Every structure is written in structure tokens, then in C-alpha cells.
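Biologist: Please take one part of this model and look at it closely, namely the way two helices pack against each other, and then follow the aromatic pairs from there.

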Amino acid sequence: MVYLLFWPVWLQVSFVVLVFSGLSILGLYTVRRLVPVENLKRNHEVAGFTFGVIGAFYGLLLAFVIVAAWERFDRADEKVQAEATALASLYRLSKGFPQPLQHNLEQAIRDYVQRATQVEWPKMRTRTYGHVADNSTGTLGLWALVAGYDPSSGRQSLLVDKSYDQLQLLSEARTLRYMYGNEEFPSVVWLVIYAGLFITVGFSYFFGLETFPSQALMSGIFASLLGLTILAILELAHPYQGSVVVSDEPFRFAITRMDEMDRLAFSGASDQNQFAFGLSAQSAGLAPPQ
């Protein structure tokens, strides 16, 4: 059912409801044709108890899987936020380095963000990003810039140490982002989910109502509900594909913070230049003292 991830939401829901309810009603019709209603009625007591046990077990199974899928989605979202936060922190630290390292580091960080949002994210949505390709626009380029700098003072050494800390966080978050994007739920989990689906829906056929349409309606609704739950698990198990995805908004917010840092740095430099010019003018007698 992975192909459903690339369909619109309305088409996903419509497909699941039609297919699951249709197959459920078809199975019920087949059983009704093969087994008389009177025979089914004689098994109501035993069938009801067995169906309750199986239904409770399958409900717990789906609850466990959907919680695991949600935690997986939440961790993927957390790693994206950590990656963007590390980039913003590294950009802030770059303001303390001398030129040309400051400019090169800032440009490399911006290139990283641009590639992540404009190149990597679309490929991750379509699952065309085969492996982690760490290149000059990725973490290796940032590591090379920081590692190639020889600090000349204790302050510069501290900046390098802090930059290494942020680069370590950045590398870990980037690696986990691709792991969550490429990994699948174990096949045995899907096997148990679908096997439990067929067994649970199948046991509902052991009940026999006098009016077939009433039981068909109940069976279709029951199967549709289970199908929609499986669809939710499928969406959450793939955090970068489908209708419910991890957003690249943290990276865009990081760019906004970087622009704000540049504006404040430029404003501070302008104030210092004006102050220095005022002192020079006073010493030359060109301006009255403040």
C-alpha cells in the first residue's frame, strides 16, 4: 500500500473505504451463499465470545503499532528541528571568526539550507534520494572549513570547540533524518496487521442477521474503519512521504534567524563606524564634542 502515499487525501480515503468495505461485503455474501442463516444463528453465543476476544486483541495490536508509528514520526520531526537549530547556532558562532572564514562559513551554511529545502526535501517526498550523499554543500564542507582554521587565541579556540559541538549535533541529526526517510516498518509487522485484519473481519461473518443489507452495512463500516486505521499507520510510518509529512519549516525559520543576525551585525558595525568617525572628527577639530 506504499503507492497510496503519493495519492491525494480524498483519493486515499475513497480507495480504502471502497476496497475494504467492498471486499468485506463480498466475503459476507460468499459465506451467506455457502452457509444457511439458521446455522449461523446457532453459533451466535460462541461466535460472540470468540469475536470479542479476537477484536480486543487486534485492537490492542493496532493501538501499539500506531503509537510506535507516531513516535517514529515525532522523532523524525524532532531531528529536523535539531538540525535546523544546530545550523542557526553555527551561523551565530561564525560571527566570531575572522575573514575570510566568517564569510565562507556563512555561505556554506546558507548553501546547506538551500539544498536541504530545494533539492533534498522534494527528493525525499518522492523517495528518489537513494542514500546519504554528504558533499561540499553538506556537513563535510562545514567540517572542512572549521577544521582548517588554526585559532590564534583562547577565544578563537573556544569558538572552534563550540563549532565542533554544533557540527556533531548537525551530523547526527542529518544522518537520522535520512534513516527515518528510507527505513521501512519490518515486514513481519505488516504481515501481522493484514493477517489480523482478515481474521477479525472473517469472524464477523459467523453472525447471521435476517436482513442481509443490515449486516452488509455493519461489515462494510467495520472493515472501512480498520482500513482507515491501517492508512494512518502507513502515513505515520513514512514521515517524509504522503499527506502527513515532516515539514521543512524549521530550515526556513533558521534562514529568517540568520537574516536577523546579519541585520543586527550590520547595524552594530555601522554604529561602531559612526562612533569612530565622530571621535576622529573631534580630534581633528571638525566637530564639537558630544
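Modeller: Angles over 145 degrees between helix axes count as roughly antiparallel. In this predicted model, helix 7 (residues 187-203) and helix 8 (residues 212-237) pack at an angle of about 170°, with their axes 11 Å apart, and the two helices are therefore roughly antiparallel to each other. Helix 7 brings Trp190, Ile193, Tyr194, Leu197, Thr200 and Val201 to the contact, while helix 8 brings Phe222, Ala223, Leu226, Ile230, Ile233 and Leu234. Of these contact residues, 11 are nonpolar, one is polar and none is charged.

Turning to the aromatic rings, the model holds nine aromatic pairs. One of them joins Tyr29 and Phe212 edge-to-face, at 6.1 Å centre to centre and with 75° between the planes; this pair links distant parts of the chain, since Tyr29 lies in helix 1 (residues 9-34) and Phe212 in helix 8, 183 residues apart. Tyr29 counts as partly exposed at 43% relative accessibility, and Phe212 counts as partly exposed at 24%.

Another pair is formed by Trp121 and Phe251, whose ring centres are 5.6 Å apart and whose planes stand at 70°, so that this pair is edge-to-face. Trp121 belongs to helix 4 (residues 101-125) and Phe251 to helix 9 (residues 249-283), and the pair links distant parts of the chain, 130 residues apart. Trp121 counts as buried at 3% relative accessibility, and Phe251 is buried with a relative accessible area of 0%. Ring pairs also bring in Tyr240, linking Trp121, Tyr240 and Phe251 into a cluster.

How values were computed:
Residues numbered from 1 in each chain as written. Predicted model: local features only at pLDDT ≥ 70, side-chain atom pairs only at ≥ 80, totals over all residues. Heavy atoms only, no water. Axes fitted to C-alpha atoms, helices over the stretch in contact; angles between N-to-C directions. Helix = DSSP H or I, 4+ residues; strand = E, 2+ residues; numbered from the N terminus. Parallel < 35°, antiparallel > 145°, perpendicular 65-115°, else oblique. Contact = heavy atoms within 4.5 Å. Nonpolar A, V, L, I, M, F, W, Y, C, P; charged D, E, K, R; others polar. Phe/Tyr/Trp six-rings, centres within 6.5 Å; stacked < 30°, edge-to-face > 60°. Buried < 20%, exposed > 50% of the residue type's maximum accessible area, 1.4 Å probe, protein only.
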